[in-house]
Amino acid sequence: MSKSATVLPSNQFPSPISENSSLFSSSKDSHDTPIRKNRGSDVPDESSDTFSDISSSTFAKGASGERGVITAIDVGTNSFHAIVASVSEEGVFTIQSRAKENVRLGESVSDMKYLSDEAMKRGIAAMKRFAMMAAAANAPIRAIGTSAMREALNQDEFVRRVQKETGVAIEVISGNEEARLIYLGVLQALPILNKKTLVIDVGGGSTETIVGYRGEMLYGHSAKLGAIRLTRRFFSDDKITPKAIKECRDFIRGEWALVFRSIQVCGFERVVASSGTAQTLASVALAKKGRYNPDESLNGVSITKQEALEAIELILKEKNSKKRSELAGMDPKRADIIVGGALILEQAITRLNIQEITISDYALREGILFDHYQKQFNIERYHHLSQLRYKSVQNLCDTCQVDINHAEHVCFLALQLFDALHRARLHSLGESERELLEAASLLHDVGYHISADQHHKHSYYIIRNTPLLGFTNNEEELIANIARYHRKSHPKAKHENYVRVPPEKRPLVNILAGILRITEGLDRRRQRLINTIVVELQDTTLRILLSCRECEDKPDIELWSAERRTGLLEEVLGKKIVLEVR
């Protein structure tokens, strides 16, 4: 299964919080994504909808009514970006500080297969500065790794070094998740909520294209087309020749052929471009018309098709980066890679017949911020998977024709046991770990879609190779491993899938898989006979007390099945487990 693109009917995409958004709770209707403060020429309509449910969250708030401040870091292929911000009761961002470092993490001769030691050192230095900025604001950090880290075979080394030297844990996300977060960020900058909008984000290693409407991503794709990547491939000697330009254009068209077709089928009313390449192109276009002011934000500024193509022509005329850096409006730090990025936008404009492009100041990092608040809101208020995550899990269950009644009941029991063990102080796991258990419980049987034989291994494969919007790559790996160990062998160091789990996370897989194994056994005949779980701790014995619904059948088979599955949880907790029906 490919994880490069997501195309689903619009009714299958996660919508803003609505009634019956969870297995275990319901909520009042909520409105869509709010429009954020915009300093550009395209000013939002003050009557736009806002996330009314988000604004009533129980986050810790300051005297001004703002929720806790956080730091969002975009660990990009070309540059690292950090912002420290909070969100108000009305859902409006207050950005306290911003920082940017041109790290060139993906600058490698191996087409991003390996991060060089020099690039990692630059990245660590940047992360140290960002960590100090976050510490000064007392703001916890969420750092997201994109294309260069996704593809690097030594990404784990960089993650470990960053965490060891800065204390920052980087989460690597899929291209589809990156696309979703970019769209979420753009929604905070421009009044596009009620417009079917094509968003194009040209990065250093990849380009994300999204068609969205009213907060839903109708189409999303991440292509291995980026400013650094194409520069390395076609213009590595800093010389621009007609032959290299033609080859680059042909390559982009070939890579994007199916993307162009999908976007045309989906359709769009408006086009937004985000990130540095688009902003530089707009600056050059405005400078050519005598309208560029470096002190003004480009957010909301629009350029026509003709203006964009003329700016690209200007860039291509200059045969080396030194001359390009002297162009009015050019960012000198981007002059050496702008040609590749400009040609990507050129092909999008010409092939999709785009007549006007609006620039967004916000992109991935702002999407990280808002996504953080959304997730925390759902966790704190509803005590369950966020709406988006639940929809992603539900879609995969539907695709694989999972017995949803069984999956939901196993999940219901697993969360009961998780909570009971927490109350008994047998673990100190929190809501985020509870979400992983919920997702794994619902998905543990997707492997039946391939074959009943060894279906637990097939479940791992399907989960690990299917886009689950709202989850990071690391979270997907954990969920897949938890589901894989719901039956048969306990986790072993020789298992390839288990080796992929960071050593510090393996105890988490063990305890959650141990819980899932028992609760899977408690619905052996899929009759949902067990409905309540409580635990009692007596010295070295853990008694799991079960209550049944009223029916003629006795849960003797369920008890037998669960008793055969207690071993893993016993190993983790160091307790003898006894199951009893009350």
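Me: In this predicted model, is E326 buried or exposed?
Reply: The model is a predicted one, and in it E326 forms a salt bridge with K322, the closest N and O atoms being 3.2 Å apart. K322 is itself exposed, at a relative accessible area of 57%. For E326 the relative accessible area is 55%, and a residue counts as exposed when this value is over 50%, so E326 is exposed.

Me: Which residue forms a salt bridge with R180, and how many residues apart are the two in helix 5?
Reply: The salt bridge of R180 is formed with E177, where the closest N and O atoms lie 2.7 Å apart. R180 counts as buried at 9% relative accessibility, and E177 counts as buried at 1%. Both belong to helix 5, residues 175–187, and they are separated by about one helical turn because their distance along the chain is 3 residues.

Me: Which residues are joined into one network by salt bridges that share partners?
Reply: A search of the whole structure finds 38 salt bridges, and one of them is the pair of K322 and E326. K322 is exposed, with a relative accessible area of 57%. Where salt bridges share partners, they join into one network the residues R142, E171, E177, R180 and D371.

Me: How many residues apart are R98 and E366, whose side chains meet in a salt bridge?
Reply: The side chains of R98 and E366 meet at 3.2 Å, taken from N to O. This pair links distant parts of the chain, since R98 lies in strand 4 and E366 in helix 12, residues 364–382, and the separation is 268 residues.

Me: Which of the two, R98 or E366, is buried?
Reply: R98 has a relative accessible area of 40%, which makes R98 partly exposed. For E366 the relative accessible area is 0%, and buried means under 20%, so the buried residue is E366.

Me: Which strands stand at the edges of the open sheet of 5 strands?
Reply: The open sheet has mixed pairing and the strand order 4-3-2-5-6. Two of its strands have a single partner strand each, so one side of each is left without a neighbour in the sheet; these are strand 4 (93–101) and strand 6 (170–172).

Me: What is the bridge partner of D74 in strand 3?
Reply: Strand 2, residues 70–75, and strand 3, residues 80–87, run antiparallel and are joined by 6 bridges. Within strand 3, the residue that partners D74 is H81.

Me: Which helix packs on this sheet, touching strand 2, strand 3 and strand 6?
Reply: The direction of the helix makes about 160 degrees with that of strand 6. The helix spans residues 155–166 and is helix 4.

Me: How many residues of strand 12 are buried?
Reply: Strand 12, residues 356–360, runs parallel to strand 10, residues 270–274, and 3 bridges join the two. With strand 11, residues 302–304, strand 12 pairs in the antiparallel sense over 3 bridges, and T304 stands opposite E356. Strand 12 is mostly covered, and of its 5 residues the number buried is 4.

Me: Why is the sulfur of C397 not in a bond with the closest cysteine sulfur, and how far away is that sulfur?
Reply: C397 is buried, with a relative accessible area of 3%. A disulfide needs two cysteine sulfur atoms within 2.5 Å, and the count in this model comes to 0 disulfides. The closest cysteine sulfur belongs to C400 and is too far for a bond, because its distance from the sulfur of C397 is 7.7 Å.

How values were computed:
Residues are numbered from 1 along each chain as its sequence is written. This is a predicted model: local features need pLDDT of at least 70, side-chain atom pairs count only at pLDDT 80 or more; totals for chains, interfaces and linings use all residues. Side-chain values use heavy atoms; hydrogens and water are left out. Two strands pair if DSSP finds at least two bridges between them. Contact means heavy atoms within 4.5 Å. Axes are lines fitted to C-alpha atoms, for helices over the stretch in contact, and angles run from 0 to 180 degrees between N-to-C directions. A salt bridge is a side-chain nitrogen of Lys or Arg within 4 Å of a carboxyl oxygen of Asp or Glu. Buried means under 20% relative accessible area, exposed over 50%, partly exposed in between (1.4 Å probe, protein chains only).
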